[in-house]
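Hi everyone, thanks for coming. I'd like to walk you through one chain today, so please have a look at the picture.

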Amino acid sequence: PYFELQKASAAIPEGAAAGTQWIALDTKCSGTDAVEGKGGNIGVSQVLKVNAQHLYFINFATRRNTVPTRFSPDAKLVVSWAGGQRLGFESKNMTWQTHSFNVFSQSNAVQIEFTELGVANNEGTLLDDVSVIDLGVPPK
C-alpha cells in the first residue's frame, strides 16, 4: 500500500480537523487492485526524542473515510507507544473526533504508531492533528 495524504474534496468537503491535509490509513493500491477498488491498510509511525521518566499527553483526531455507495462496518485503529498497544477502537464517526491518553516514557526515544486493522477497502480511518505534549515528571 501507498502512503496517502488527502485534502478537502466532494467526498469530504469539511476538510481536515486542523490545517488542510490528513492521512488515510486505508488507501487504494496501485495497478489492478486500484481498478478493482481494493485498498491496503497502512501504519504510520515516528520515533520521538522524549525525556525519560516523564508523562506525555497524546492527542489526535480521527474520522471514518467512506464512499456513500459502499459502507464497510470495519474500520479499526490501533495506537501504540514504545511497542505496546495503548488504544484501539472502531472508527464509526463521519465527523472528526478527538482522542487522547497519557503515557509514561521509560527512555529518551520512543516510537508512536497509528495502524489501521480494519478491512482493506479504502474506507478506513483518517488521522489528523497528532500532538505529543510533555507533562513533566509525574507527582509521587
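I'll talk about confidence, then the strands, then the nonpolar cores.

First, a word of caution: this is a predicted model. The chain averages a pLDDT of 81, and 76% of the residues score at least 70. Where among the elements is the mean pLDDT lowest, and where is it highest? Helix α1, residues 31–35, has the lowest mean at 47, while β9 has the highest at 95. Please keep that in mind when you look at helix α1, with its mean of 47.

Now let's turn to strand β6, which covers residues 55–64. Is this strand mostly covered or mostly open? Eight of its ten residues are buried, so to speak under cover. Strand β6 also has two partners to look at. With β9, residues 97–104, β6 runs antiparallel, and eight bridges join the two. Here N59 stands opposite S100 in β9. With β11, residues 125–136, β6 is again antiparallel, this time through nine bridges. If you want a pair to find on screen, F57 stands opposite I133 in β11.

Next, the open sheet. Four strands make it up, in the order β5-β10-β7-β8, and their pairing is antiparallel. Why does one side of β5 and of β8 lack a neighbour in the sheet? β5 (43–49) and β8 (84–90) stand at the edges and have a single partner strand each, so one side of each is left without a neighbour there. On average, neighbouring strands of this sheet are turned by 15° against each other, direction ignored. At the β5 edge, the partner is β10, residues 109–116, and the two pair antiparallel over seven bridges. Within that pair, Q46 stands opposite I112 in β10.

Let's move on to the nonpolar side chains. In soluble globular proteins, such side chains tend to be buried together. The largest nonpolar core here has 18 residues. Which of them touch the most other members? They are L25, I58, F60, L77, W81 and F114. Two or more residues of this core come from each of β6, β7 (76–81), β9 and β10.

I58 is a nice one to click on. Leaving aside neighbours within four places in sequence, I58 is in contact with W81, H99, S100, F101, V103, I112, S131 and V132. You'll recognise two of those names: S100 is the residue opposite N59, and I112 is the one opposite Q46.

Finally, apart from the largest core lies another one, of six residues, including A16, W22, A24 and W96.

That's my tour, and I'm happy to take questions.

Note on methods. Residues numbered from 1 in each chain as written. Predicted model: local features only at pLDDT ≥ 70, side-chain atom pairs only at ≥ 80, totals over all residues. Heavy atoms only, no water. Buried < 20%, exposed > 50% of the residue type's maximum accessible area, 1.4 Å probe, protein only. Pairing = 2+ DSSP bridges. pLDDT = per-residue confidence, 0-100. Axes fitted to C-alpha atoms, helices over the stretch in contact; angles between N-to-C directions. Core = buried A, V, L, I, M, F, W, Y, C linked by side-chain atoms within 4.5 Å. Contact = heavy atoms within 4.5 Å.
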